[in-house]
Amino acid sequence: MVKIIVLGLMVLCLSCFHSNANAVVILQYHHVSDSMPKSTSVTPAQFSEQMQYLADNNFTVMALTDAVDAIKNNTAMANNSIVITFDDGYESIIENAAPILASHQFPFTVFISPAPIIAGYDGMMSWEEINKLAEQGATIANHSWGHEHLIRRLPKETSAQWLQRVETNILTTEAEILKQTGQSAKMFAYPYGEYTTELEAILVKHGFVGFGQQSGAAGEYSSITALPRFPVANAYADLASLTVKFSSLPMPVLKQNISDPLLTSGKFRPKLVVKLDTADSYPHQLMCFIQGQGAKKPIWLEEDTFSIQAPADMAPGRSRYNCTVPSKTRTGYYWFSQMWIRPKDDGKWPQE
């Protein structure tokens, strides 16, 4: 009888554990088009297939503002929660993506840069079109004034001048979005996913939430000024690989020795030390991948602390360490990604 009661309590406990979670997967799209660059595009057929998969498999597609509130307040979200975001404000969003999203009643967010809109660049939505999306329920958010590489200083620009320029850029953009749409969500997507701890400090100063392009789920262990998103495009648009990401979980990182992605001269093989809450994982099944250098097993320094280091210099530009480990009690992998950004050996930046 005692065994039956204990087993019953265990089943009840697991049922409670599965009922909700403070975790959400944020997807990042650019173009939904057959004719735009494949590196930043999904086709309308692929996008339709992905949204249908979410609808058919009991995913909860929630507004980004609601997800942010849940993360800030550490309140539970439904299992299998998804957020859909778009960067840049291309016409393919209103032409191809919005009708598909409307058919499922899925909310979404568009991060925009005003300068290309004001200039009337080909392929960009107009303010009229952006407001049409807003009237249909879309959230319009901040992606910098002109989609600049914000981490890069101008020639002869001091640190103080650079910080002032970037701060003005973000605040001017937010003011323009408010003027044009009536919205001010104070959510900022870093152009190219590039950020530093100094940029994060600007967001903290003005009450913004920040979003990168490093992969992984977001939740209570995530930095509110560098929330991860899964980019969906080209090779990363295949539904078979996306289904694994849809069910990913935020790695329970308690501490890490490096959080600033910017690599300084001569330190292009960063040694990352990470301490985890390992209660719901099999830590020694954790595997890491170094972008451009392949899979690498971490070195465990303690039962809950590992280190990972690239055997060769990280390439100039943007790259990542990605680490995953299976959950003991949920379907899916805990996922962690650390962005790295480095200049060339001469201090200059690669051409984009």
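Is Cys288 buried or exposed? In this predicted model, Cys288 is buried, because its relative accessible area is 0%, and the cut-off for buried is under 20%. Let's use this residue as a starting point and walk outward.

Cys288 has a bonded partner: a disulfide links it to Cys323, with an S to S distance of 2.1 Å. The model holds one disulfide by this rule. Since Cys288 sits in strand β17 and Cys323 in strand β21 (residues 317–326), the pair ties together parts that are 35 residues apart in sequence. The torsion about the S-S bond is about 105°, so the disulfide is right-handed. Cys323 is buried too, at a relative accessible area of 1%.

Now for the sheet around that bond. Five strands make up an open sheet with mixed pairing, ordered β14-β22-β21-β17-β18. At its edges are β14 (249–250) and β18 (294–296), each with a single partner strand, so one side of each lacks a neighbour in the sheet. Strand β17 (residues 287–290) runs antiparallel to β18, and three bridges join the two. Cys288 appears here again: its bridge partner in β18 is Lys296.

There is another sheet to visit. Four strands form this open sheet, in the order β15-β16-β20-β19, and the pairing is antiparallel. Its edge strands, β15 (253–256) and β19 (299–302), each pair on one side only. From one strand to the next, the twist averages 30°. If you zoom in on β15, you will find that three bridges pair it with strand β16 (residues 271–276) in the antiparallel sense. Val253 stands opposite Leu276 in β16.

Notes
Residues are numbered from 1 along each chain as its sequence is written. This is a predicted model: local features need pLDDT of at least 70, side-chain atom pairs count only at pLDDT 80 or more; totals for chains, interfaces and linings use all residues. Side-chain values use heavy atoms; hydrogens and water are left out. Two strands pair if DSSP finds at least two bridges between them. Axes are lines fitted to C-alpha atoms, for helices over the stretch in contact, and angles run from 0 to 180 degrees between N-to-C directions. A disulfide is a pair of cysteine sulfur atoms within 2.5 Å. Buried means under 20% relative accessible area, exposed over 50%, partly exposed in between (1.4 Å probe, protein chains only).
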